[in-house]
Amino acid sequence: MSILAPFLVLLLTVLLSAYHRWRLAVFAAVAATGLVACGLAGANFTATVVAAVLLALGTLPLLITPLRQALITAPLLKFYTKILPPLSDTEKTALEAGTVGFEGELFSGMPKWEQLLAQPKPELTAEEQAFLDGPVEQVCRMTNDWEITHVHADLTPEIWDYLKKNKFFGMIIPKQYGGLGFSALAHHKVIEKLASVSATLSSTVGVPNSLGPAELLLHYGTPEQKEYYLPRLADGREVPCFALTGPFAGSDATSLPDYGIVCEGEWNGAKVLGVKLTFDKRYITLAPVASVIGLAFRLHDPDKLLGEESDRGITLALIPRDTPGLEVGRRHFPLNCAFQNGPVRGEQVFLPLSQLIGGEDYIGHGWRMLVECLSVGRAITLPSTSSGASKLAAVVSGAYARIRKQFGLSIGRFEGVEEALARLAGHAYACSALSQSTAAAVDRGEKPAVPSAIAKYHATELAREVAKDAMDIHGGKGVILGPMNYLGRGWQAAPISITVEGANIMTRSLMIFGQGAIRCHPWVLKEMQAAQLPDKAQALREFDTNLFGHIGFAISNAVRSWVLGLVGARIGKAPGDAYTKRYYRKLNRYSANLALVADTSMLMLGGKLKFKEKLSGRLGDVLSQLYIASAMLKRYEDEGRPAAEQPLLAWAFHDSAHKIELALSGALRNFPIRPVGWLLWMLVFPWGRRAQAPSDRLGRRAAALLMSPSDARDRLAKGVFLTPCANNPAGRVDSYLPKVILAEPVERKFLKALKNSDIEALDFASQLAEGVAEGWITAEEKAQLEELRAMTWDAITVDDFDPFELQAASLHMAKPGATHASRAA
């Protein structure tokens, strides 16, 4: 037997144990058994002994715990403590807030897919479904988005009254306080449907049910605050807003310049201990109509009236609208989207301590309160808004592309339009799955800090791409504003969602991977916590356990990345059916890739990593696409693995895989330490980058689903407002699709006969009459073509106006000397 045989046995055992993540003792036993077998089989004695010695030297010091701790762990703990990057209180709070769900498995390099698939299918209760079919459907019918955005610059009084009467502002408030007590899934479905008809409507309903006084009071309010405010918020007697953002503290909410001073003052005729507030906030949704304003500020106690600390930290308060000194400014006008938004200011506004959310017990805990509630609100409102807008744009663009003809063909038959339709279909499918996934996580009791950031960023970015493609397909129909336009305002409003609740650039480059790398990693946070334990013996024990768990984890991911890359992710345990098993295996590979590159980045760059925003952003993209792909697979399983939906799943999955490899490629090609980047490239891409964007053939199948009625198309459109009524031109266009398809053979027959005839009639009505007279078509077919012409005309018609109608009403009402200049920030 070859002299190399013992070493090959040792190497294969290393690879096998690392791939399957065997414990060190199991590896040592298997390797020793293999070497004994080699010796008995006649392998070179010296080589076998050398291999055995190497095995002993490599494993025994690690298997003997006291020896390992003394020789290895203790020096490393001392070094680690010195290089551990300091975390600000803000970063500590952000890391500790929220929970870790399945996204933690995606960071593991070896996801337990059974955990994902065991999650219950998200389903509405009968009461929640009835609310969607009743009040939500009715308010959508009442909504004319053109009148809201152009005529009233607000919801109509009738809609405001209807929303309050039917407790739209109290969806998250429990029934014991007079609210609807709906699940996060129901909240998601309501916002999704409202967004499909009007962004103003969905924003108005979304804000009171996300980050706002109700959410904060539910989690942190005193019993007295809950009993007073929650019933009033539920039935609309109080309209809330929450003031966080200011001119000098946008995304950096912890650098609030707004402050409160603890002092005595008068409240309702009595002398009480309270706070005098000075603040200047802007971009506050619902502020112009709010009756109670939530406020974030930094509390100071210079006279030590509450204790020994002077700077008490970020604190939250509720300010009634009629509080002296409170000034609600004039309205902002965000990109012609008419939801109520504006500034609030205050100078020396006095509040008693009883108006602090949670009372004195929660003084200084405001940032934690906000971070935890932001993760819930961000997981639902903006992703649901994006999903509703995306699904509507996709299905209506498909119908429009079938109805609208150029050069005698439906424009959807042209490959350029087909390409855009495929993107619409795939992006809407991904956005829908992503938004439902994060809502379901909230219903499972999670506070999904990382998934909410993923959902906010990617859902709003997908919605922007969908809006662009839909506008391109519709051409002039999408450009000319008016009652017939169902895309223009959405296109205008797309950057709003991109900007609010954390600008997308910062969400991508700082939050997703910045939080995910530590929160989701199975060992890093544990190591950090162990190193900071005051008991040195306990710190050594726990650091030792976590350190060597981490080392084994890193070795395993390096091996798994390389092996799965070599075989193209065609091996390994995976769930799913014959169609989806390959997708799970690909995600296994990408999970190992992410864990390997993330570990190496943290090891090589340490505290400097948080300043490498391009690297963090790319690794965040990998984590995000893994999460999105997982959400799509879960949706596919929950729907019963419908074969008709496979083109949508396939297009969206290949798009995600392509983006994952692009992001990994960008990270490795630009890795700050070049030799490390080269080594990682060999482990991650042993055959080079292989994933491709969705093929043209696949795109054709996805686009075709949008242009023909089917169960798959209906599932994609489920939950958006498509009722064909006077206020819903998009619903009318969608409703024409089946009749248009039925009329196409008759239309082709008629046009062919007309082309080969010598009839001189130029107008359509005369041509149809001649067609009946000549026997080309029957009277019934003539009526069918007349209906087709009427439907086509309704679909392609755009609005026009008298110039006077487009002038601002204020132009005709302005008084001498009036000014429209805005107040400078």
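**A note on helix packing and aromatic pairs**

1. To start with a detail I enjoyed in this predicted model: helices α21 and α22 cross with left-handed geometry. Helix α21 covers residues 524-531, while α22 covers residues 536-566. Their axes lie 8 Å apart, and the packing angle is about 160 degrees. Since angles over 145 degrees count as roughly antiparallel, that is how α21 runs relative to α22.

2. Here is who does the touching. On the α21 side, the contact is made by V524, K526, E527 and A530. Helix α22 contributes A539, E542, F543, N546, L547 and H550. Sorted by class, this contact of α21 with α22 holds five nonpolar residues, three charged ones and two polar ones.

3. Please keep an eye on F543, a member of that contact, for its ring also pairs with the ring of Y80. Across the whole structure, a search turns up 17 aromatic pairs. In the pair of Y80 and F543, the ring centres are 5.2 Å apart and the planes stand at 45 degrees, so the arrangement is tilted. Y80 belongs to helix α4 (residues 65-83) and F543 to helix α22, so the pair ties together parts 463 residues apart in sequence. Both Y80 and F543 are buried.

4. T73 makes a nice companion to this point, as T73 is also found in helix α4. Its relative accessibility is 0%, so T73 counts as buried. Setting aside neighbours within four places in sequence, T73 is in contact with R68, L540, F543, D544 and F548. F543 therefore appears in three places in this note: in the contact of α21 with α22, in the ring pair with Y80 and among the contacts of T73.

5. A second pair worth a look is Y583 with F653. Their ring centres are 4.2 Å apart and the planes are at 20 degrees, so this pair is stacked. Y583 sits in helix α23 (residues 581-605) and F653 in helix α25 (residues 646-669), so parts 70 residues apart in sequence are tied together by the pair. Y583 is buried, and F653 is buried too.

6. Finally, a grouping of rings to look up when you have the model open: F131, Y162, F168 and F182 form one aromatic cluster.

Key
Residues numbered from 1 in each chain as written. Predicted model: local features only at pLDDT ≥ 70, side-chain atom pairs only at ≥ 80, totals over all residues. Heavy atoms only, no water. Axes fitted to C-alpha atoms, helices over the stretch in contact; angles between N-to-C directions. Helix = DSSP H or I, 4+ residues; strand = E, 2+ residues; numbered from the N terminus. Parallel < 35°, antiparallel > 145°, perpendicular 65-115°, else oblique. Left-handed = near helix turned anticlockwise from the far one by under 90°. Contact = heavy atoms within 4.5 Å. Nonpolar A, V, L, I, M, F, W, Y, C, P; charged D, E, K, R; others polar. Phe/Tyr/Trp six-rings, centres within 6.5 Å; stacked < 30°, edge-to-face > 60°. Buried < 20%, exposed > 50% of the residue type's maximum accessible area, 1.4 Å probe, protein only.
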